[in-house]
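Colleague: Please pick one part of this model and take me through it closely. Keep it plain, as I am new to this.

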Amino acid sequence: ELAKEQGKQDLEDVEVRFTSAPGEAPALTREAIAAGAKVVIAVGGDGSISEVVQGFFDPESKQPLSQECALGILPQGTGGDFKRMLPTITDSLENNLKALLSGKQHPVDVG
């Protein structure tokens, strides 16, 4: 509901996918990128975010699958190590959604 209220038309073309077990997020991310997604949003803790990030890379060559697709993060875990690296992420879901919808990007070292 919050996403609908905050995003309005920005979220019209959103496809929501859920994982049901550890290890599923990389494949879902690769599918989204192959289908032309411009943004893949990870909602979860450090483990979920890590799995989504893995999906941005070819599992064998480790090369990025897309230069156009960005990662969005809505942290909802208990640890929060990843969210502490980014200046726009707070403990407020509403503020994080607003930051995500602003389109501002921050490079992150994944190596």
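Modeller: Contact means heavy atoms within 4.5 Å. Keep that in mind for helix 3, the part I pick. This is a predicted model: local features need pLDDT of at least 70, side-chain atom pairs count only at pLDDT 80 or more, and totals for chains, interfaces and linings use all residues. Numbering runs from 1 along each chain as its sequence is written, and side-chain values use heavy atoms, without hydrogens or water.

Start with the whole protein. It has four helices and two strands. (Helices, H or I of at least four residues, and strands, E of at least two, are DSSP runs numbered from the N terminus.) From the N terminus on, the order is α-α-β-α-β-α. Helix 3 covers residues 46-54. Of the 111 residues in the protein, 27% are buried. (Buried is under 20% relative accessible area, exposed over 50%, partly exposed in between, with a 1.4 Å probe and protein chains only.) Take the contacts between residues at least 6 apart in sequence: 57% of them join residues at least 24 apart.

Now go to helix 3 itself. Which of its residues are buried? They are I49, E51, V52 and V53. The cover over these buried residues includes helix 2 (25-34), strand 1 (39-44) and strand 2. Strand 2 spans residues 70-75.

Look at V52 in helix 3. Its relative accessible area is 9%, so V52 counts as buried. What does V52 touch, leaving aside its neighbours within four places in sequence? The contacts of V52 are A25, T29, V40, A42 and L71. L28 deserves a look too. It sits 24 residues from V52 along the chain, and the two C-alpha atoms are 8.0 Å apart.

Next comes I49, another buried residue of helix 3. Again leave aside neighbours within four places in sequence. I49 is then in contact with A42, G44, I73 and F82. A42 is listed for V52 and for I49.

Both residues also belong to the largest nonpolar core. That core holds 13 residues, and V40, I49, V52, F56 and I73 touch the most other members. (A nonpolar core is a set of buried Ala, Val, Leu, Ile, Met, Phe, Trp, Tyr and Cys residues joined through side-chain atoms within 4.5 Å.) Helix 2, strand 1 and helix 3 are the elements that give two or more residues to this core. Helix 3 gives the most, with three residues.

Turn to strand 1, part of the cover of helix 3. Which of its side chains are buried? V40, A42 and G44 point to one face and are buried. V39, I41 and V43 point to the other face and are not buried. Two of the buried ones, V40 and A42, are contacts of V52. A42 and G44 are contacts of I49.

G44 lies in strand 1. It has a relative accessible area of 10%, so G44 is buried. Beyond its neighbours within four places in sequence, G44 is in contact with I49, L74, P75, Q76 and G77. I73 is 29 residues from G44 in sequence and 8.2 Å away in space, C-alpha to C-alpha.

Strand 2 also helps cover helix 3. Five of its six residues are buried, so strand 2 is mostly covered. It runs parallel to strand 1, and the pair shares six bridges. (Two strands pair if DSSP finds at least two bridges between them.) V39 stands opposite A70. V40 has L71 as its bridge partner. Both V40 and L71 are in contact with V52.

Finally, follow the chain out of helix 3. A loop leads from helix 3 to strand 2, and K62 is in it. Is K62 buried or exposed? Its relative accessibility is 56%, so K62 counts as exposed. K62 is not a glycine, yet its phi is positive, at about 65°. Set K62 beside V52: K62 is exposed, whereas V52 is buried.

Here is the picture to keep. Helix 3 has four buried residues to find: I49, E51, V52 and V53. Find helix 2, strand 1 and strand 2 among what covers them. Then trace V52 to A25, T29, V40, A42 and L71.
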